[in-house]
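Reader: I would like a close look at a single part of this model, taken slowly and with the contacts spelled out. Please keep to one region and connect its pieces as you go.

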Amino acid sequence: WKNNVQSAGDLPCKKCLQCKYRTLTPQQLTVAKYLLRDKDIVDIAKSLRLSIKTVSAHKRLIMSNFDLNSDCELLQFLHNLKKHNPAVHLFMSERL
């Protein structure tokens, strides 16, 4: 399995894959999971019974916390975290 592990340097979006102290709150993790399923803010808000502004705030905080500047960077970052083997600490407790 060691041959299949991608280092942070090999990943296209390598921001914060080595960060040990940046984490997602449970709500941010939930929003991230929906974003990875190609849901938009409105769909996520309806599914979680939250306001669109609340979901948008969670998304913005994720982006701010990891210094991401666009939706594209956010999705690429989340995909990299999800596929990173061994699992990156943000997603260790839950499966995506």
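Author: What follows is an account of the packing of helix 1 with helix 4 and of the residues around that contact.

The model is a predicted one, and the values below are computed from it. Two packed helices are described by the angle between their axes and the distance between the axes. Here helix 1, residues 26-36, and helix 4, residues 71-83, pack at an angle of about 100°, and their axes lie 10 Å apart. Angles from 65 to 115 degrees count as roughly perpendicular, and helix 1 and helix 4 are therefore roughly perpendicular to each other.

On the side of helix 1, the contact is made by Ala-32, Leu-35 and Leu-36, which meet Leu-74, Leu-75, Leu-78, His-79 and Lys-82 of helix 4. By character, the residues of this contact divide into 6 nonpolar, 1 polar and 1 charged.

Two of the helix 4 residues in this contact, Leu-74 and Leu-78, also stand out in the largest nonpolar core, where, of its 19 residues, they touch the most other members. Helix 1, helix 2 (41-48), helix 3 (52-65) and helix 4 each supply at least two residues of this core, and the largest share, 6 residues, comes from helix 1. In soluble globular proteins, nonpolar side chains tend to be buried together.

Leu-74 deserves a further look, since its surroundings lead on to a charged residue. Leaving aside neighbours within four places in sequence, Leu-74 is in contact with Leu-35, Ile-62, Met-63 and Leu-68, and also with Lys-59. The place of Lys-59 is in helix 3, and with residues up to four places away in sequence not counted, Lys-59 touches Leu-35, Ile-41, Asp-71 and Leu-74. Leu-35 of helix 1 is thus a contact of Leu-74 and of Lys-59 as well.

The contact of Lys-59 with Asp-71 is also a salt bridge, in which the closest N and O atoms are 2.7 Å apart. This pair links distant parts of the chain, with Lys-59 in helix 3 and Asp-71 in helix 4, 12 residues apart. The structure holds 1 salt bridge.

How buried or exposed are the two partners, Lys-59 and Asp-71? Buried means under 20% relative accessible area, so Lys-59, with a relative accessible area of 14%, is buried. Asp-71, at 43% relative accessibility, counts as partly exposed, because that class lies between the 20% limit and the 50% limit above which a residue is exposed.

Key:
Residues numbered from 1 in each chain as written. Predicted model: local features only at pLDDT ≥ 70, side-chain atom pairs only at ≥ 80, totals over all residues. Heavy atoms only, no water. Axes fitted to C-alpha atoms, helices over the stretch in contact; angles between N-to-C directions. Parallel < 35°, antiparallel > 145°, perpendicular 65-115°, else oblique. Contact = heavy atoms within 4.5 Å. Nonpolar A, V, L, I, M, F, W, Y, C, P; charged D, E, K, R; others polar. Core = buried A, V, L, I, M, F, W, Y, C linked by side-chain atoms within 4.5 Å. Buried < 20%, exposed > 50% of the residue type's maximum accessible area, 1.4 Å probe, protein only. Salt bridge = Lys/Arg side-chain N within 4 Å of Asp/Glu carboxyl O.
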